[in-house]
Amino acid sequence: MIEFAVPATFSSTSQCSNGAATKYERTGSSSLLSPKLNAPAPVVEIFEFATEGEKGAMLKDHTTPSQILKPVRRNEFVFYEQTYKDTPFIRRFAPHYFGFEMKDSRTYVKLEDLTAPFSRANMMDVKMGVTTAGENESEAKKESRRIKDGKTTSLPLGMRYCGIWLYNPEKKDYSVKDKTWGKSLTASEFPSQLDWYISNAGRNSIEKRLHIVNYFLEKLRSINEWMETQPTFRMYSSSLLFLYEGNNENSFRCDLRMIDFSHVNKVTEERPEKDEGYLKGLHNLLKYLNELKEVYQTLM
Ligand SMILES: Nc1ncnc2c1ncn2[C@@H]1O[C@H](COP(=O)(O)OP(=O)(O)O)[C@@H](O)[C@H]1O
Ligand SMILES: [Mg+2]
């Protein structure tokens with residue numbers, strides 16, 4: 001096991017505050033961010049391409065353009081310092097971890113910016129599992145989360161949308177569906193939204209759609225195989241982040257990663273079960289994507 005020091009800030013409750021974000025401001029109706037007039041361009045800005053999560057919490061340090069800074073609580077910090085370093089599979093599927101830094105008495109992990117290789121990434125955040133309640137939370141908290149999750153697609157499908165961002169090259173802007181929208185969907189509405197996300201690859205480009213579906217299927221099969229055969233931990237409220245190029249019909253670049261590790265529990269002898277909730281979501285995603293693949297093949 002790797003020895004590491006946990007920053008002192010984790011003993012305080014300030015982790016919930018949004019202190020870092022107050023230094024930066026959004027302008028006008030545009031979703032883009034810009035510095036105050038006459039002020040020098042800031043080196044650190046809010047990372048604008050966050051499909052969900054605490055608003056304005058994720059930061060972009062322009063001195064290291066391929067990285068973002070995510071404010072974390074203790075659990076996620078320990079995950080990156082320990083589980084990430086100890087688990088080759090996680091290193092393959094999570095964003096690359098560059099260490100951590102302190103800012104305004106919060107701890108930030110420095111992560112690979114998954115949007116960096118794209119001109120404009122079309123992104124979809126799917127939160128996995130039948131419940132977002134972590135095993136270490138109080139019974140009251142678990143119960144209230146279960147009630148909320150029961151009203152979403154999480155319970156029946158083992159997943160729900162937390163955000164979809166699609167780029168419109170003509171308007172040079174994103175259309176955004178947020179987590180409130182994701183929570184409002186029914187299970188029967190889920191698959192058509194998957195088609196809507198992938199079909200933005202270009203109305204005329206069935207080839208690109210098929211490429212994207214095949215790419216996602218291959219990655220999901222690997223994750224599924226690993227979680228079925230070598231279960232090492234169970235994850236709650238964790239997401240899969242899907243990305244493909246949205247600003248160039250001729251670019252077939254795609255990516256799919258596991259993100260958001262705030263509630264991870266190791267599989268132990270006392271609790272050896274696999275992560276059935278996450279697996280349920282994976283099986284449904286594989287099923288829906290296979291169905292979409294068949295549809296796109298008939299259009300070729
Ligand atoms: N490494 C990354 N690169 C690019 N975007 C990311 C990365 N990690 C997260 N995001 C974006 O930020 C959003 C929130 O991240 P997440 O880790 O889920 O934070 P939270 O714990 O606040 O939910 C995600 O939906 C995704 O759009
Ligand atoms: Mg999240």
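The following exchange concerns a predicted model and takes up its ligand shell, a sheet, two loop serines and the nonpolar core.

Colleague: Which residues come nearest to ligand 1?

Modeller: The structure is a predicted model. In it, 24 residues surround ligand 1. Those that come nearest are Ala50, Thr51, Gly53, Pro95 and Asp260.

Colleague: How do the residues of the shell around ligand 1 divide into nonpolar, polar and charged?

Modeller: The shell draws at least three residues from each of domain 1 (8-112) and domain 2 (121-299). Strands E3 (67-71), E5 (106-112), E6 (121-128), E7 (159-168) and E10 (239-245) each supply at least two of its residues. By character, the shell residues are eleven nonpolar, six polar and seven charged.

Colleague: Which strands stand at the edges of the open sheet of five strands?

Modeller: The order of this open sheet is E8-E7-E6-E10-E11, and the pairing is antiparallel. Two of these strands have a single partner each, so one side of each is left without a neighbour in the sheet. The edge strands are E8 (173-177) and E11.

Colleague: What is the average twist from one strand to the next in that sheet?

Modeller: The sheet in question is the open one with the order E8-E7-E6-E10-E11. From one strand to the next, its twist averages 15 degrees.

Colleague: How many bridges join E10 to E11, and which residue is the bridge partner of Ser239?

Modeller: E10 and E11 run antiparallel and are joined by six bridges. Leu243 stands opposite Asp255 of E11. For Ser239, the bridge partner in E11 is Ile259.

Colleague: Along strand E11, which side chains point to the buried face?

Modeller: The side chains of strand E11 (residues 254-259) alternate between two faces. Asp255, Arg257 and Ile259 point to one face and are not buried. The buried residues, pointing to the other face, are Cys254, Leu256 and Met258.

Colleague: Ser105 has a positive phi although it is not a glycine; is Ser105 buried, partly exposed or exposed?

Modeller: Ser105 lies in the loop between strand E4 (97-103) and E5, and its phi is about 55 degrees. Around Ser105 there are 14 other C-beta atoms within 10 Å, so this residue is classed as partly exposed.

Colleague: Ser237 also has a positive phi; is Ser237 buried or exposed?

Modeller: Ser237 is found in the loop between strand E9 (233-236) and E10, with a phi of about 65 degrees although it is not a glycine. Because Ser237 has 20 C-beta neighbours inside 10 Å, this serine counts as buried.

Colleague: Where does the largest nonpolar core lie?

Modeller: This core has 62 residues, of which Met123, Phe242 and Leu243 touch the most other members. Its largest share, seven residues, comes from helix H8 (residues 276-299). Both domains give residues to the core, so it lies between domain 1 (8-112) and domain 2 (121-299).

Colleague: How far apart in space are Phe118 and Asn247, C-alpha to C-alpha?

Modeller: Phe118 is found in the loop between E5 and E6, and with 22 C-beta neighbours inside 10 Å it counts as buried. In sequence, Phe118 and Asn247 are 129 residues apart. In space, C-alpha to C-alpha, their separation is 8.3 Å.

Note on methods
Residues are numbered from 1 along each chain as its sequence is written. Chains are lettered from A and ligands numbered from 1 in the order in which they are written. This is a predicted model: local features need pLDDT of at least 70, side-chain atom pairs count only at pLDDT 80 or more; totals for chains, interfaces and linings use all residues. A residue is near a molecule or strand if its C-beta atom, placed from the backbone, lies within 6 Å of it. Helices (H or I, at least four residues) and strands (E, at least two) are DSSP runs, numbered from the N terminus. Ala, Val, Leu, Ile, Met, Phe, Trp, Tyr, Cys and Pro count as nonpolar, Asp, Glu, Lys and Arg as charged, and the others, Gly among them, as polar. Domain bounds come from an automatic or database domain assignment. A residue is buried if 20 or more other C-beta atoms lie within 10 Å of its own, exposed if 12 or fewer, and partly exposed in between; C-beta atoms are placed from the backbone. Two strands pair if DSSP finds at least two bridges between them. Axes are lines fitted to C-alpha atoms, for helices over the stretch in contact, and angles run from 0 to 180 degrees between N-to-C directions. A nonpolar core is a set of buried Ala, Val, Leu, Ile, Met, Phe, Trp, Tyr and Cys residues joined through C-beta atoms within 7 Å.
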